[in-house]
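Welcome! Please take a moment to look over the sequence and the 3D view, and then read on for a short guided tour.

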Amino acid sequence: MSWMPPTGQGGMAPGAPPYMPMYGSPMPPPVAAGAAPVVWQSHTNADGKMYWFNTITKQSTWEKPEELKTPLEKALASLPWKEYTTKEGKKYYSNSETKKTVWEMPPEYKAIVDAHPDNGQPAEGEGSGALVVAQPIQQKVLVASAYTKRTAAALAAEEIEYKTKEDAEAAFRKLLEETGVKPNWTWEQTMRAIISNPRYNALKTLQERKSAFMQFVEEKRVKEENDFKAKMDRSRYDFIELLKNHKEVTSNTRWRKVVELFGNEECFKFLGPGACETMFENHVTELHRREKEDQRVRRKENMEKFRNLLSTLPITVKTTWKEGQEMYTKSMDYNLDAKLQTSLDPIDHLTLFEDHIKQLETDFFNSIQKRRDAQRREERKAREGFRDLLKELVKRGELHSRSMWKEVYPLIKDDERYRWVLVGAGAGGSEPLEMLWDVLCQLDEEYFRARSAAMDLVKQMDVIVTSELSFSLFAARFSEDQVASIGEANLKMVFEELQQRAAEKMEDEKKRLERKVRKRMDSFRHILKRMDPPVGTNDSWESVRSRVSGKPEYMALEEPQAEAAFAVYIEKLKDSKAERSESEEEDDRRKASRRKEKDRDRERDRDKDRDRGSGSSRKKHRRHHRDSGAESGSDAGGDRDRKRRKRSRRSDDEDERPKRSSTATRAADMKMDVVPDPVYRGDDSEEEGEVRG
């Protein structure tokens with residue numbers, strides 16, 4: 001091979017000894033006296049592969065040196081073909097240039113081999129096996145050389161042949177067992193102990209021996225660990241059994257007592273005080289846990305007994321704790337059970353009593369809830385039955401989207417389903433009217449969808465609905481499929497709606513004409529009020545008609561309408577005069593009453609003066625002053641009366657004026673002197689004929 005391994009420090013190949021061959025490799029013969037030292041030395045690494053070491057350059061190489069090669073090896077070195085051997089010992093040839101590999105020997109390679117019939121015996125003075133070790137390193141290989149010489153004869157004399165590799169490996173393992181190899185031995189230590197035994201050569205290569213040694217050591221280590229673990233487990237088990245079975249070991253036992261009891265036991269000595277103390281503490285902890293668990297179980301049993309005792313007593317949700325105590329303390333079951341009396345604390349009795357009361361309350365409310373649920377189920381069934389009743393009415397056509405409660409009530413009042421739903425309506429369920437509204441809402445949605453389709457058909461077929469048209473004639477305009485898709489009930493409601501629209505339209509037209517006539521009559525009354533000379537209450541219609549016959553306001557009305565407007569005007573005029581005369585008479589009566597009162601006051605003052613006589617001038621002056629004040633007061637009172645009468649007359653005048661429906665007419669009544677004459681357009685539109693300011 002042409003590859004040279006990399007050299008380490010000092011020119012040595014990695015893993016190879018620097019100056020002497022490894023144990024087990026063939027030693028070179030001793031150097032003859034006076035012979036020149038050789039340059040190359042052959043060695044074998046731990047894997048059994050040979051390499052060469054140059055004692056002068058301190059270089060190592062895997063390739064055989066040129067001066068050591070045979071003539072055949074030198075001739076084959078010039079070829080690109082190289083010979084190799086597989087692990088099974090089969091040879092193959094590889095071309096370093098073409099990277100081609102063949103099992104058969106190439107022709108050129110075979111020609112060179114045939115040209116050297118001596119198979120390349122080494123030349124005189126060459127060959128790795130006959131090399132002499134150089135003098136400078138003779139001292140370093142002396143020990144190994146002597147050791148090899150001493151064992152070589154014994155190994156050669158006791159050579160043993162084995163049939164299979166397994167037998168050879170078994171012999172080598174037996175050698176290791178007999179030698180007493182420990183798991184902590186190194187390979188060098190082991191080799192020094194077994195190399196003199198013939199079974200050392202049972203395995204041919206150093207790698208096989210070392211591999212068998214490593215496997216043996218690992219198995220022995222695992223076995224010892226398993227044995228130690230088994231013994232440790234057994235000792236732990238024995239120690240725990242001692243703790244469990246000894247009567248003096250309880251949860252209150254101290255560690256020093258355990259040392260006195262089990263200090264001489266084999267398991268105690270093997271485990272040691274530290275491990276035994278840890279196991280003892282765990283055992284005591286377990287005893288405490290078991291005692292607490294037993295105590296908890298006993299307490300639970302007694303609490304269950306007391307709970308059962310409470311359930312047998314006549315306790316209700318209103319029973320107090322004091323009453324409950326008296327009940328269970330007088331109970332025979334409680335008095336006969338000593339554990340029940342001593343194992344539980346009073347607080348436990350109170351807690352169980354409270355739990356029992358809560359359970360009674362829960363049962364009570366649950367029973368109420370069950371009754372309510374049952375009642376709700378009955379109410380729900382009743383509501384479902386009433387909904388079925390409404391559906392039946394819809395199917396029969398007796399209930400539609402325009403139906404009212406007063407129409408539906410006679411149909412359902414005697415039905416049992418209606419009476420049942422009335423029973424549950426007061427408890428918070430839906431009332432019959434509400435469920436009827438739900439159905440009507442649903443029918444409304446269906447009706448509006450059908451109405452849209454019906455209206456489209458009416459527009460397409462140009463059907464005119466009047467108040468005199470019957471439903472049969474209206475429905476005859478549509479095909480049977482169209483009536484079925486819309487529904488006869490829906491079609492009838494559409495027909496009624498269209499008839500109602502026609503009637504409303506006629507009514508609106510009538511009202512519009514009436515408004516127009518009223519406006520024309522108001523305009524006619526207005527010109528009557530503005531006539532000169534004015535129309536009096538004693539004037540007749542014939543006398544006035546000749547005066548207004550040319551007026552457009554008169555011509556816009558028919559004769560009866562004009563005469564009716566004149567009669568209304570005369571009636572209001574009479575009412576206004578009558579009210580005005582009554583107001584004046586009332587004012588005269590008030591004036592007369594005030595004059596009489598004033599006269600009485602003056603007469604009273606004169607009587608007082610006469611009774612007092614003609615007193616001093618001071619009294620005269622006082623009387624004179626009083627008289628003058630009275631006169632001035634009467635004058636002020638007279639002014640106030642005049643103002644009050646004026647306001648009263650103004651309000652009376654306003655009341656006497658008739659109220660008009662039109663804003664312009666009211667303005668004309670209130671301010672006749674500022675409102676101009678009305679303007680009449682002369683056409684028949686609703687807006688014309690109005691009074692404009």
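Is E104 buried or exposed? With a relative accessible area of 65%, E104 is exposed. Please keep in mind that the model is predicted. The protein holds 24 helices and 6 strands, and 31% of its 693 residues count as buried.

**The overall picture**

- Contacts that reach along the chain are a good place to begin: among those between residues at least 6 apart in sequence, 62% join residues at least 24 apart.
- Searching the whole structure for salt bridges turns up 30 of them.

**Around E104**

- E104 sits in the loop that runs between β6 and α2 (107–115).
- E104 counts as exposed because its relative accessible area, 65%, is over 50%.
- Along the chain, E104 and K91 are 13 residues apart, and their C-alpha atoms are separated by 8.5 Å.

**The sheet β1-β2-β3**

- Three strands make up an open sheet in the order β1-β2-β3, and their pairing is antiparallel.
- β1 and β3 (60–61) are the edge strands; each has a single partner strand, so one side of each is left without a neighbour in the sheet.
- Strand β1 (residues 40–44) is mostly covered, with 4 of its 5 residues buried.
- Between β1 and strand β2 (residues 50–54) there are 5 bridges, and the two strands pair in the antiparallel sense.
- One place to look for this pairing is S42, whose bridge partner in β2 is W52.
- On to the next pair: β2 and β3 are joined in the antiparallel sense over 2 bridges.
- Here F53 has S60 as its bridge partner in β3.

**The sheet β4-β5-β6**

- Another open sheet of 3 strands follows the order β4-β5-β6, again with antiparallel pairing.
- β4 (81–85) and β6 (101–102) are its edge strands, each pairing on one side only.
- Strand β5 (residues 91–95) and β6 run antiparallel and are joined by 2 bridges.
- To find β6 from its neighbour, start at S94: its bridge partner in β6 is T101.
- As background for both sheets, strands of a sheet pair through backbone hydrogen bonds, which may be parallel or antiparallel in arrangement.

**Two helices that cross**

- How do the axes of helix α4 (residues 165–179) and helix α5 (residues 187–194) meet, and at what angle do they cross? They come within 11 Å and cross at roughly 90 degrees.
- α4 is therefore roughly perpendicular to α5.
- On the α4 side the contact is made by F172, L175, L176 and T179, and on the α5 side by W187, T190, A193 and I194.
- Sorted by character, the residues of this contact of α4 with α5 include 6 nonpolar, 2 polar and no charged ones.

**Salt bridges along helices**

- A general point first: side chains of opposite charge can pair when their charged atoms come close.
- D238 and R234 form a salt bridge, in which the closest N and O atoms are 3.5 Å apart.
- Why are D238 and R234 separated by about one helical turn? They are 4 residues apart in helix α6 (residues 206–245), which means a separation of about one helical turn.
- D238 has a relative accessible area of 27%, so this residue is partly exposed.
- E286 and R289 form a salt bridge too, with their closest N and O atoms 2.4 Å apart.
- Because E286 and R289 are 3 residues apart in helix α9 (residues 273–312), about one helical turn separates them.
- E286 is partly exposed at 27% relative accessibility, and R289 is partly exposed with a relative accessible area of 47%.
- In a further pair, the side chains of E497 and R501 meet in a salt bridge at 3.3 Å, N to O.
- Both E497 and R501 belong to helix α19 (residues 488–529), where they lie 4 residues apart, about one turn of the helix.
- R501 is partly exposed, its relative accessible area being 42%.
- Salt bridges can also link up: E218, R221 and E225 are joined in a network of them.

How values were computed
Residues are numbered from 1 along each chain as its sequence is written. This is a predicted model: local features need pLDDT of at least 70, side-chain atom pairs count only at pLDDT 80 or more; totals for chains, interfaces and linings use all residues. Side-chain values use heavy atoms; hydrogens and water are left out. A salt bridge is a side-chain nitrogen of Lys or Arg within 4 Å of a carboxyl oxygen of Asp or Glu. Buried means under 20% relative accessible area, exposed over 50%, partly exposed in between (1.4 Å probe, protein chains only). Axes are lines fitted to C-alpha atoms, for helices over the stretch in contact, and angles run from 0 to 180 degrees between N-to-C directions. Angles under 35 degrees count as roughly parallel, over 145 as roughly antiparallel, 65 to 115 as roughly perpendicular and the rest as oblique. Contact means heavy atoms within 4.5 Å. Ala, Val, Leu, Ile, Met, Phe, Trp, Tyr, Cys and Pro count as nonpolar, Asp, Glu, Lys and Arg as charged, and the others, Gly among them, as polar. Two strands pair if DSSP finds at least two bridges between them.
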